[in-house]
Amino acid sequence: MKTLREIPCGQTTTVVKINGTGPIKRRIMDMGITKGTDIHVNKVAPLGDPIELTVRGYSLSLRKADADMIEVE
């Protein structure tokens, strides 16, 4: 499976699974990233961290480490 970190700019993908445990997984889910959610990758910072996304109609910046925990189609 691919992770959110591997998706190039300008593409939309769907969340399949969130890896991780405890407070980290809960924080990702609290941001609106849950199974079945569509995520559009807007842009990536020059050094790759953070990644700017559109989730459920709002913009969100996510660290590479957190993006690696999100499996997508």
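**Close-up 1. Asp30 and Arg26 sit on helix 1, 4 residues apart, or about one turn of the helix.** In this predicted model, the two side chains meet in a salt bridge, with 3.2 Å from N to O. Helix 1 covers residues 22-30. How open is each partner to the outside, buried or exposed or partly exposed? Asp30 is exposed, at a relative accessible area of 55%, while Arg26 comes out as partly exposed at 48%.

**Close-up 2. Ile28, also in helix 1, is buried.** Its relative accessible area is 0%. Which residues does Ile28 touch once its neighbours within four places in sequence are set aside? The list is Ile18, Ile33, Asp66, Met69 and Ile70. Two of those names come back in other views: Asp66 takes part in a salt bridge with Arg63, and Ile70 is the bridge partner of Ile18. For a sense of distance, the C-alpha atoms of Ile28 and Ala67 are 9.4 Å apart in space, with their positions 39 residues apart in sequence.

**Close-up 3. Arg27, Arg63 and Asp66 form a network of salt bridges.** Zooming in on one pair, the side chains of Asp66 and Arg63 meet at 3.5 Å, N to O. Which of these two is buried, and which is partly exposed? Asp66 is the buried one, at 4% relative accessibility, and Arg63 is partly exposed at 47%. So here a buried acid, well under the 20% cut-off, shares a salt bridge with a partly exposed Arg63. Asp66 is also in contact with Ile28 of the previous view.

**Close-up 4. Arg5 and Asp68 join two loops through a salt bridge.** The N to O distance is 2.8 Å. Why look at this pair in particular? Arg5 belongs to the loop between strand 1 (2-3) and strand 2 (12-18), and Asp68 to the loop between helix 2 (64-67) and strand 6 (70-72), so the bridge ties together parts that are 63 residues apart in sequence. Both ends are partly exposed: Arg5 has a relative accessible area of 39% and Asp68 one of 31%. Across the whole structure there are 5 salt bridges, including this one.

**Close-up 5. The strands line up in an open sheet of 6, in the order 1-6-2-3-4-5, with antiparallel pairing.** Which strands stand at the edges? They are strand 1 and strand 5 (58-62), each with a single partner strand, so one side of each has no neighbour in the sheet. Further in, strand 2 and strand 6 pair in the antiparallel sense over 3 bridges. Ile18 has its bridge partner in strand 6, namely Ile70.

**Close-up 6. Ile70 is a meeting point for many side chains and backbone stretches, as its contact list shows.** Leaving out residues up to four places away in sequence, Ile70 touches Lys2, Thr3, Leu4, Val15, Lys17, Ile28, Ile33 and Leu62. Several of these names return in the core: Leu4, Ile33 and Leu62 are, with Ile70 itself, among the residues with the most contacts inside it.

**Close-up 7. The largest nonpolar core has 17 residues.** Those with the most contacts inside it are Leu4, Ile33, Ile39, Leu53, Leu62 and Ile70. Strand 2, strand 3 (38-44), strand 4 (51-55), strand 5 and strand 6 each put in at least two residues. Which element gives the largest share? That is strand 4, with 3 residues. This fits a broader habit: in soluble globular proteins, nonpolar side chains tend to be buried together.

**Overview. Stepping back, the protein has 2 helices and 6 strands.** From the N terminus on, the elements run β-β-α-β-β-β-α-β. The radius of gyration is 11 Å, close to the 11 Å that the globule rule gives for 73 residues, so the protein is as compact as a globular protein of that length. Its C-alpha atoms fill a box of roughly 30 × 25 × 20 Å along the principal axes. Of the 73 residues, 34% count as buried. Among contacts with a separation of 6 or more, 56% come from residues 24 or more positions apart. The accessible surface comes to about 4,300 Å², and carbon and sulfur atoms hold 53% of that.

Notes: Residues are numbered from 1 along each chain as its sequence is written. This is a predicted model: local features need pLDDT of at least 70, side-chain atom pairs count only at pLDDT 80 or more; totals for chains, interfaces and linings use all residues. Side-chain values use heavy atoms; hydrogens and water are left out. A salt bridge is a side-chain nitrogen of Lys or Arg within 4 Å of a carboxyl oxygen of Asp or Glu. Buried means under 20% relative accessible area, exposed over 50%, partly exposed in between (1.4 Å probe, protein chains only). Two strands pair if DSSP finds at least two bridges between them. Contact means heavy atoms within 4.5 Å. The radius of gyration is taken over C-alpha atoms; the globule rule is 2.2 Å times the number of residues to the power 0.38. Accessible areas come from the Shrake-Rupley method with a 1.4 Å probe; for residues, only the protein chains shown count as cover. A nonpolar core is a set of buried Ala, Val, Leu, Ile, Met, Phe, Trp, Tyr and Cys residues joined through side-chain atoms within 4.5 Å.
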